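Work through the exercises below with the sequence and the model open. Try each task before you read its solution.

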Amino acid sequence: MSWHLFAVFFASTFFISATPGPNMLLAFQYGMNYGVKRTLWTLAGLSLGLFLLLLSTLLGLDVISRQSPWVLTVIKAVGAAYLIYLGISSWRDAGDSSLMSDAREMGEEVAADYPDTMSAVTDKTTPQPRSLSSAAVKVSPSNMTLFRTGIWVSLSNPKAILFFAAFFPKFINFSAPLWPQYILLTAGLFLSETIWQIVYTLGGTKLASWLDVGNRLAWLNRACGVIFLLIAAALLAEVLNSFMM
């Protein structure tokens, strides 16, 4: 992999990671609820879950590229179609997003699906956490609970595997040694994800207020939609080129 291609990959993932998906919303909400120090446990869980999803995707691509190269072409074509779908969806749905309301919905989903994080006490002397969520807890959960919640939220999004499978083939040279490229791509993705998780954790209401002014969040989502469409076009060009050779 050339450094130019890696720079394109990192710039793309860095921009896409800025959008408030489930991982970022959890980091945002928990940073407000429990403070930065406690939320580091959640960030560690999010990173572990992301690593497991990423590893399963890369191992699958590795096996396919060695045993059934033609399937890789099919994956690129299907991946391009999926990225086109994501791009159009990101553009069309951009106006319906609000970081505040999305964080509130995220908290309600965690409360419903992972009740261990929502245990409450009746002690009136317990400080109330600052929260955007109507499902806010009344007492901070343990560090391990925060860690497990991070893993659960990260792994509960199976679309991530589909996204990785669609996104990564554009940046991998399957005729060159794969594992050095895997390590480089993984490092780049983790760096961009970690930076934005910390930003969302630290940013709190300031970040939410800035993004929710006017159409800023909408244009961020639209920009990501354009990135999806550009990468899809590049994948389709590779597929067509493989048939013409």
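Buried means under 20% relative accessible area, exposed means over 50%, and partly exposed is in between (1.4 Å probe, protein chains only). Helices (H or I, at least four residues) and strands (E, at least two) are DSSP runs, numbered from the N terminus. The model is predicted: local features need pLDDT of at least 70, side-chain atom pairs count only at pLDDT 80 or more, and totals for chains, interfaces and linings use all residues. Residues are numbered from 1 along each chain as its sequence is written, and side-chain values use heavy atoms, with hydrogens and water left out.

**Exercise 1. Overall make-up**

Task: State how many helices and strands the protein has, and what share of its residues is buried.

Solution. Start with the elements. The protein has eight helices and zero strands. Along the sequence the pattern reads α-α-α-α-α-α-α-α. Next, burial. Of the 245 residues, 46% count as buried. Last, contacts (heavy atoms within 4.5 Å). Among contacts with a separation of 6 or more, 84% join residues 24 or more positions apart.

**Exercise 2. Two helix spans**

Task: Compare the span of H2 with that of a straight helix, then run the check on H3.

Solution. The expected span is 1.5 Å times one less than the number of residues. Take H2, residues 22–67. A straight helix of 46 residues would span 68 Å. The end C-alpha atoms of H2 span only 35 Å. Now look for a bend, the angle between axes fitted to the seven residues ending at a residue and the seven starting there. H2 bends by about 125° at glycine 35.

Turn to H3. Its 24 residues should span 34 Å. Its end C-alpha atoms are 35 Å apart, which agrees.

**Exercise 3. The buried side of H3**

Task: List the buried residues of H3 and name elements that cover them.

Solution. Apply the burial cut-off along the helix. The buried residues are Leu72, Lys76, Gly79, Ala80, Tyr82, Leu83, Leu86, Gly87, Ser89 and Ser90. Then look at what covers them. The cover includes H2, H6 and H8.

**Exercise 4. The nonpolar cores**

Task: Find the largest nonpolar core and the elements that build it.

Solution. A nonpolar core is a set of buried Ala, Val, Leu, Ile, Met, Phe, Trp, Tyr and Cys residues joined through side-chain atoms within 4.5 Å. The largest has 32 residues. Those with the most contacts inside it are Phe9, Leu83, Phe163, Phe164, Phe167, Phe168 and Ile172. Six elements need checking: H1 (3–17), H2, H3 (69–92), H6 (159–167), H7 (178–211) and H8 (216–244) each give two or more residues to this core. H8 gives the most, with six residues.

Zoom in on phenylalanine 164. Not counting residues up to four places away in sequence, phenylalanine 164 touches Leu50, Leu53, Leu54, Thr57, Pro169 and Leu189. A second, separate core has 17 residues, including Leu26, Met32, Leu217 and Leu220.

**Exercise 5. The salt bridge**

Task: Which residue forms a salt bridge with aspartate 62?

Solution. Side chains of opposite charge can pair when their charged atoms come close. The rule asks for a side-chain nitrogen of Lys or Arg within 4 Å of a carboxyl oxygen of Asp or Glu. The count comes to one salt bridge. Aspartate 62 pairs with arginine 66, and the closest N and O atoms are 3.3 Å apart. Both lie in H2, four residues apart, about one turn of the helix. Aspartate 62 is buried, at 8% relative accessible area. Arginine 66 is exposed, at 54%.

**Exercise 6. An aromatic pair**

Task: Classify the pair of tryptophan 3 and phenylalanine 6 as stacked, tilted or edge-to-face.

Solution. Rings of Phe, Tyr and Trp (its six-membered ring) pair if their centres lie within 6.5 Å; planes under 30 degrees apart are stacked, over 60 edge-to-face, and the rest tilted. The count comes to 18 aromatic pairs. For tryptophan 3 and phenylalanine 6, the centres are 5.9 Å apart and the planes are at 90°, so the pair is edge-to-face. Both residues lie in H1, three residues apart. Tryptophan 3 is exposed, at 64% relative accessibility, whereas phenylalanine 6 is buried, at 15%.

**Exercise 7. Tryptophan 196**

Task: Is tryptophan 196 buried or exposed, and what does it touch?

Solution. Tryptophan 196 sits in H7. At 18% relative accessibility, tryptophan 196 counts as buried. Leaving out residues up to four places away in sequence, tryptophan 196 touches Phe14, Ser17, Ala18 and Met24.
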